[in-house]
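Me: I would like to learn how to read a structure of this kind, one feature at a time. Could you take me through it, giving the general idea before the particular case?

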Amino acid sequence: MLKSLSPFVLSAWRAGLRSRSIQAILVLGILLMGVAFLSASFAPRQPKTVALDVGISGIRIALVLLSLFWVQELIGQEIQRRTVLFALTYPVGRGSYIVGRYVGILGLLALATLLLGMLLWVVVLTTGGDYEQGFAVAPGLPYWTTVFGIFVDAAVVTAFATWIATLSTVNILPLALGLAFAVCGKSLGAVIQYMMEGADRNPHMLQLSPVISAIQWVLPDLSRLDWRVWPMYGVAPDHTVLIGGGVMALSYIVVMLVLSVFAFSRREFQQ
Amino acid sequence: MRLQRSSLKLSLALVVAAAIFATTTHRLKTAPRYEVRAQLRVALPLFVQVAMTMGDRYLAANLATIEIMVVDTSKMRPDEFAIQAQLQQDVSWLNPGNEDNYYVAAAILSWANQVDAAQNVLARATDARPYDYQPAFYYGFNQLHFRHDPAGASAWLRQSAEHLLDGPNKIQMLNLAAIWLDRTDDLSMAIIVVENMAKQATRPDFRKYLELRVQRLQGLKTLRDAAVIYRQHHGKAPTQLDELVTDKLIPTVPVDPFGFGYDIDAQGNVVLRSRPPAPKPTPSQAQTSTQTPVRK
């Protein structure tokens, strides 16, 4: 299995690195960390916490954009331009191509996560100068667990965009739908909470309650992968929520990949 | 000929467009400009705030907090404080643990006639920050100062103490919670609360202190109960505590274990003294004094 995946993983890596992705990550990262650093100056009592908070938001957004960009470039465009046909001449199943590419993008995302995570770590430690906050942030295990959660979040978005890329005949669709999926998935937690608290007794909103309940069966609640209150406020998430979030994400990724393999295997390419 | 006609059309279009531009520019010069205020104008619905940040509720909370931080509250109108109150409640919903948000709510909203909003923010922060005693403390203060509810205030102070580790700070907070109960009208409840606090106190000296506070409140309750009967008998409030003894409603005026004692205020209510009574003048001082005695 690994042997059949490796050419596609490696080619994804090579293509990703060749497209100056790392430089793009660094530029994006420095930009985001600058924003995080500056935003801390608006926080009179908790500059490090705000830098961490804004920085995590930045990494979360950046990883989604990068994942969609890589899916577009390494899967979508190859299908659109028919260059995928060269890859399919390997004596392996079509599924290997999709899974291999996905794993390759995951590797690029992991690298980006690590780089951005380290950059933010340095920013948080240097923010605020000599000022000691009343309540310190936790840059150790809580921080890196949170960063890992963001990576898993991006992995889910990547899986969804991969599926769309295998179906789509329109170039921009994986990017557009992937972005919509990410925004909806991340907003879902807030919407569910709002509904559960009575939706400000707004009857129009309450009418949507069954729709929101139904949506949860097809759209993962990505806010369950956001564990930033742990490093920010030292409030560790309940381990059942932590594990539950991870299992939910993993199972959704598997569903998306299986759908992608199905769709890609049945797809007909005209020369 | 065709070229000339085409050039003519273009020239005509140019002249017309230039004329329209000049006319509108001239009109706009003198047209009134809407006042642009840097203060808060509108609090966007929660969903819009979350969607605008790609579904990131924490980022939405941070952006709203920055907006709150940069406004000049000294120039704000009352309706703008209402918007700030809404905005801060939104932030506390998006991220209840935001320290700056609850701090600004306590420092500004409470004093700008937005106590309900401030309490909402502080209550959420209390839940979200189990290691931080301050949100519950500010809630309690608002309850006492703005809502005149000493019992509720004391309850929040006790909750605030729960967020502190055992030590002098916790003792001080519990002490303050007991002191604030002195101001309540429901003395039976206050006595029960302080008695329970004494039972739960781990340090013996603090337990003893709370027991003295119970004794003090019991003395106050005895006097108030007697004053009610006195009022029923005489149709007026007593002017001195000794009148309750003279009427045989109580055997003696209870002794305040803290030495401050009890008093009757201008409305005829029995109250706790906030300072020890002045020493009684010696006979010689009484003779030389020309001032009219004032009832305490």
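Me: How many residues of chain B are in contact with chain A, and how many of chain A with chain B?

Reply: Please keep in mind throughout that this is a predicted model. The size of an interface is often given as the accessible area lost when the parts come together. Here we can count residues instead: 21 residues of chain B are in contact with 27 residues of chain A. On the side of chain B that touches chain A, the elements giving two or more residues are α2 (46–52), α3 (57–70) and α5 (99–109) of chain B, and α3(B) gives the most, with six residues. By character, the residues of that side divide into twelve nonpolar, three polar and six charged.

Me: Which elements make up chain A, and in what order do they run?

Reply: Chain A has eleven helices and zero strands, so that, by the way such runs are numbered from the N terminus, its elements read α-α-α-α-α-α-α-α-α-α-α.

Me: Why does the radius of gyration of chain A agree with that of a compact globule?

Reply: The idea is to compare the value with what the chain length would lead one to expect. For a compact globule of 271 residues one would expect a radius of gyration near 18 Å, and chain A, with 20 Å, agrees with this. Along its principal axes, the C-alpha trace of chain A spans about 65 × 50 × 30 Å. Among contacts in chain A between residues at least 6 apart in sequence, 81% join residues at least 24 apart.

Me: Which residues have the most contacts inside the largest nonpolar core?

Reply: In soluble globular proteins, nonpolar side chains tend to be buried together. In chain A, 45% of the 271 residues count as buried. The largest nonpolar core has 131 residues, and those with the most contacts inside it are A:Leu63 and A:Leu109. Helix α3 (residues 47–80) of chain A supplies the largest share of this core, 18 residues. If we leave aside neighbours within four places in sequence, A:Leu63 is in contact with A:Leu109, A:Ala112, A:Thr113, A:Ile150, A:Phe151 and A:Ala154.

Me: What span should helix α4 of chain B have, and what covers its buried residues?

Reply: At 1.5 Å a residue, the 17 residues of helix α4 (residues 78–94) of chain B should span 24 Å, and its end C-alpha atoms are indeed 24 Å apart. The buried residues of α4(B) include B:Phe81, B:Leu87, B:Val91 and B:Trp93, and also B:Asp90. Among the elements covering the buried residues of α4(B) are α2, α3, α5 and α6 (115–128) of chain B.

Methods. Residues numbered from 1 in each chain as written. Chains lettered and ligands numbered in written order. Predicted model: local features only at pLDDT ≥ 70, side-chain atom pairs only at ≥ 80, totals over all residues. Helix = DSSP H or I, 4+ residues; strand = E, 2+ residues; numbered from the N terminus. Rg over C-alpha atoms; globule rule 2.2 N^0.38 Å. Buried ≥ 20, exposed ≤ 12 C-beta atoms within 10 Å, placed from the backbone. Contact = placed C-beta atoms within 7 Å. Core = buried A, V, L, I, M, F, W, Y, C linked by C-beta atoms within 7 Å. Nonpolar A, V, L, I, M, F, W, Y, C, P; charged D, E, K, R; others polar. Expected span 1.5 Å × (residues − 1).
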